[in-house]
Amino acid sequence: ASGGDDKMVVIASARDGAVRHRLAGHPGLVSAVVFIEDGQTLVSGCDRGFLKFWDVKSGTEVASRKRHQQQLYCAAVSPDEKWLVTGGGHWAKGDPGELIVWNLKRRRFEKALEGHSLTVWSIVFAPDGSYFATSDSAGEVKIWNTETLELQRTLKHQTWLRPLAMSPDGRTLAAGRGDG
């Protein structure tokens, strides 16, 4: 699945590239896509703060949610599919970043997490699901406890951070820095 500036979500076969569905309905550019429920459902987010849940087989919209007041840039699902965490902000304004936790079973808002002073760009869960990490424009990586949804620690860098990656054993975290 992919999303783009045309406000569309495209679901295609990984084997041959054949397009299965072109999904319309987002009011802004699609900035995040993630599969849940063994690939039966796709969640997409756009820069206008909307989340949409799609049935992958039929290509129909199942639900739409809006909680972000700013642009939504990233999404990640906990390994047990209990939580969906979405992040964003408004990088040009310098407002505090938004980090929202969604209850996937109920498909609704659970909690807003505070602590990012600028836009949240990336979210990654540890393979065992015990914690997740988030990165932001302030050059911080924050480590959150998945069970309590509390901030555990902050790692600081000199420049903004975008992508995050977690090693398969969950012991090493890599961050892509804005200065290359």
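Strands β5 and β6 (residues 50-55) run antiparallel and are joined by five bridges. This is a predicted model, and this pair of strands is a good place to start a tour of it. One pairing to look for is S44, which stands opposite K52 in β6. The two strands form a hairpin with three residues between them, and G49 in that turn has a positive phi of about 90°.

On to the other partner of β5. Strand β4 (residues 30-36) pairs with β5 in the antiparallel sense, over six bridges. Here A32 has G45 of β5 as its bridge partner. β4 and β5 also make a hairpin, with four residues between the strands. In this hairpin E37 takes a positive phi near 50°.

How many of the six residues of β5 are buried? The count is six of six, for a strand (residues 41-46) that is mostly covered. T41, V43 and G45 point one way from β5, while L42, S44 and C46 point the other way. Both sets are buried.

**Cysteines**

C46 is worth a second look, as is C74. How many disulfides does a search of the whole structure find? The result is zero. The sulfur of C46 has its closest cysteine sulfur in C74, 14 Å away, which is too far for a bond. A disulfide needs two cysteine sulfur atoms within 2.5 Å, so the 14 Å between C74 and C46 rules one out. C46 is buried with a relative accessible area of 0%, and C74 is buried as well, at 6%.

**The sheet that starts with β8**

Another group of strands forms an open sheet in the order β8-β9-β10-β11, with antiparallel pairing. β8 and β11 (108-113) each have a single partner strand and stand at the edges, so one side of each is left without a neighbour in the sheet. On average, neighbouring strands of this sheet are turned by 25° against each other, direction ignored. Between β8 and β9 there are six bridges, and these two strands run antiparallel. Within this pairing, L72 stands opposite G88 in β9.

The loop between β8 (71-77) and β9 (83-89) holds S78. Is S78 buried or exposed? S78 is buried, with a relative accessible area of 3%. Its side chain makes a polar contact with the side chain of D80 at 2.7 Å. The side chain of S78 also reaches the backbone nitrogen of K82, at 3.1 Å. Leaving aside residues up to four places away in sequence, S78 touches W83 and F125.

**Aromatic pairs**

F125 leads us to the rings. A pair of aromatic rings is described by the distance of the centres and the angle of the planes. A search of the whole structure finds four aromatic pairs, and two of them are set out here.

| Pair | Centre to centre | Angle between planes | Arrangement |
|---|---|---|---|
| Y73 and W121 | 4.5 Å | 35° | tilted |
| F125 and F132 | 5.0 Å | 40° | tilted |

Y73 lies in strand β8 and W121 in strand β12 (residues 120-125), so their pair ties together parts that are 48 residues apart in sequence. Y73 counts as buried at 17% relative accessibility, and W121 is buried with a relative accessible area of 13%.

In the other pair, F125 is buried, and so is F132. Which residues do ring pairs link into a cluster? They are F125, F132 and W144.

**V120 and its surroundings**

A last stop is V120, which has its place in strand β12. V120 counts as buried, at 0% relative accessibility. Its C-alpha atom is separated by 5.3 Å from that of G97, although the two residues are 23 residues apart along the chain.

What does V120 touch, not counting residues up to four places away in sequence? Its contacts include Y73 and C74, both met above, along with G87 and G88. V120 also touches G97, E98 and L99, and further along the chain T134, S135 and D136.

Methods: Residues numbered from 1 in each chain as written. Predicted model: local features only at pLDDT ≥ 70, side-chain atom pairs only at ≥ 80, totals over all residues. Heavy atoms only, no water. Buried < 20%, exposed > 50% of the residue type's maximum accessible area, 1.4 Å probe, protein only. Polar contact = N/O pair within 3.5 Å; in protein donor to acceptor, adjacent residues only side chain to side chain. Contact = heavy atoms within 4.5 Å. Pairing = 2+ DSSP bridges. Axes fitted to C-alpha atoms, helices over the stretch in contact; angles between N-to-C directions. Phe/Tyr/Trp six-rings, centres within 6.5 Å; stacked < 30°, edge-to-face > 60°.
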